[in-house]
Amino acid sequence: MTWSEPITADRKGMDPLQEQGVMWDAIRSVNWAGSSLGPIEGWPFTLRAVLRTVLASKQPMCLWWGPDLLQFHNEAYLPMLGARVDGAIGKPFSVLWADVSEDVMPYLKQALAGQGTWAEDLPLTVTRNGYPEETYWSFSYSPLFNDHGQIAGALNIVTETTRLMRERQELEELNRNLSDSLARQEEGERQRRVLQRELSHRMKNTLAMVQAVVTQSLRHSTSIEEATQVASARIQALGRAQDMLTATDWTIADLRAAVDAAIEPHVDRSGRFIVSGDTLDLSAQQAMGVALALHELATNAVKYGALSVDEGCVKVGWHVSPEGEFHFEWREENGPEVKPLGRKGFGTRLTERVVPGYFNGRAETDFQPDGIVYRLQGRLEP
């Protein structure tokens, strides 16, 4: 490949020795005699012509020429060089751009093979100011030809997009944060609506249960005093169940917590109640039902059963079978023999009909010689 051509008379207007400008001065200050290009006077016409175009442009441009791909650039390109601007002209590409050569070499090789290339917002880690910088670039590489039509270098027209990319990333992050915030607000609004519906449903259920308690207590009592006492006790048990639910979750409750809340008023000594069972979550309605059932069982046990004598005790236990069926048992021991009443009151209907309905199951009361056994079977699903 020939890298020199005499300057003929009709081309003297493109003689670098005669051009004016900061970058022309910088080019002339380099000792080209020791480079692969040789003295300026022998440079090919095409190189001088390209230089004249590049140096006159306000668009950041650089070019690499010759077997060593020596660097030339215009004044608009200077900010991209950073602290390595001194001595950049005439320095080989492999030396000046060693930090990014691996990333951009595929583009450069393609241009040197005769094909133009284009990259948009290419991320490059550049060490131009003594420390690594995460930068972004949009650029094209185009082949440059010498006076004999052979590829002698490549032209790089470039725009640094680091600031734009960072602004874009900041906007994207802001957009993500706004989207997350809106999503949280929507979720909060959804939960608020759910809680409002749950509160309304809970209040209706509670009022219906209170109404049933009062109505049935009045209907099956022999006097106003008895009705008042029974209804008040049942409503208090209902209140304890409500306290237990609001202290944990509006929609679910732990079965152990429901049992403890119901039996707590009747624990007068150690060993009076023996409670066993795994931690299980109940729906709010199921928890209320268990609390009321236990209140009825405990009230009867205090009057007639195991809790009416010092040596009596109650075993409360539950488990879930491998098939997923829920089993609950109240077993009185060491108490007096209790026989079923001739008529079934509200308490019996509550424990054997109403509460099992909350579990889609069934319940029975078995009268044993030393106390009753209450069994409840069903499902934990609401």
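The legends below describe close-up views of a predicted model.

**View 1. Strand 10 has one buried face and one face that is not buried.** Strand 10 spans residues 326-333. In a regular strand the side chains alternate between the two faces of the sheet. Here Phe326, Phe328, Trp330 and Glu332 point to one face and are buried. His327, Glu329, Arg331 and Glu333 point to the other face and are not buried.

**View 2. Strand 10 pairs with strand 9 and with strand 12.** Strand 9, residues 313-320, runs antiparallel to strand 10, and eight bridges join the two. Within this pairing, Val320 stands opposite Phe326. The two strands form a hairpin with five residues between them. Gly324, in the turn, has a positive phi of about 90°. Strand 12, residues 371-378, is also antiparallel to strand 10, with six bridges. Leu376 of strand 12 stands opposite Phe328.

**View 3. A search of the whole structure finds one cavity of 30 Å³ or more.** The volume of the largest cavity is about 140 Å³. Its lining is made up of 13 residues, and Tyr77, Trp97, Leu124, Tyr141 and Asn156 lie nearest the centre. Strand 3 (117-126), strand 4 (133-145) and strand 5 (151-160) each supply at least two lining residues. Strand 4 gives the largest share, three residues. By class, twelve residues of the lining are nonpolar, one is polar and none is charged.

**View 4. Helix 8 has five buried residues: Leu255, Ala258, Val259, Ala262 and Ile263.** These residues cover an arc of only 115° around the axis, so they lie on the same side of helix 8. An α-helix has 3.6 residues a turn, so residues three or four places apart point the same way. Helix 8 itself runs over residues 255-263.

**View 5. Eleven aromatic pairs are found in a search of the whole structure.** Trp32 and Trp43 form an edge-to-face pair, because their ring centres are 5.0 Å apart and their planes stand at 85°. Both lie in the loop between helix 1 (22-28) and helix 2 (45-56), so the pair ties together parts that are eleven residues apart in sequence. Trp32 counts as buried because its relative accessibility is 3%, and Trp43 is buried at 0%. Trp43 also forms an edge-to-face pair with Phe72, at 5.7 Å centre to centre and 85° between the planes. Phe72 lies in strand 2 (residues 70-73), so this pair ties together parts that are 29 residues apart in sequence. Phe72 is buried, as is Trp43.

**View 6. Five aromatic residues form one cluster.** The members are Trp64, Phe93, Tyr107, Phe139 and Tyr141. Tyr141 is also among the residues nearest the centre of the largest cavity.

Conventions: Residues numbered from 1 in each chain as written. Predicted model: local features only at pLDDT ≥ 70, side-chain atom pairs only at ≥ 80, totals over all residues. Heavy atoms only, no water. Buried < 20%, exposed > 50% of the residue type's maximum accessible area, 1.4 Å probe, protein only. Helix = DSSP H or I, 4+ residues; strand = E, 2+ residues; numbered from the N terminus. Pairing = 2+ DSSP bridges. 1 Å grid on protein atoms, 1.4 Å probe; cavity = no way out; pocket = protein on both sides within 12 Å on 5 of 7 lines; lining within 4 Å. Points joined across faces, edges and corners; volume = space filled by probe spheres on them. Nonpolar A, V, L, I, M, F, W, Y, C, P; charged D, E, K, R; others polar. Arc of directions from axis to C-beta. Phe/Tyr/Trp six-rings, centres within 6.5 Å; stacked < 30°, edge-to-face > 60°.
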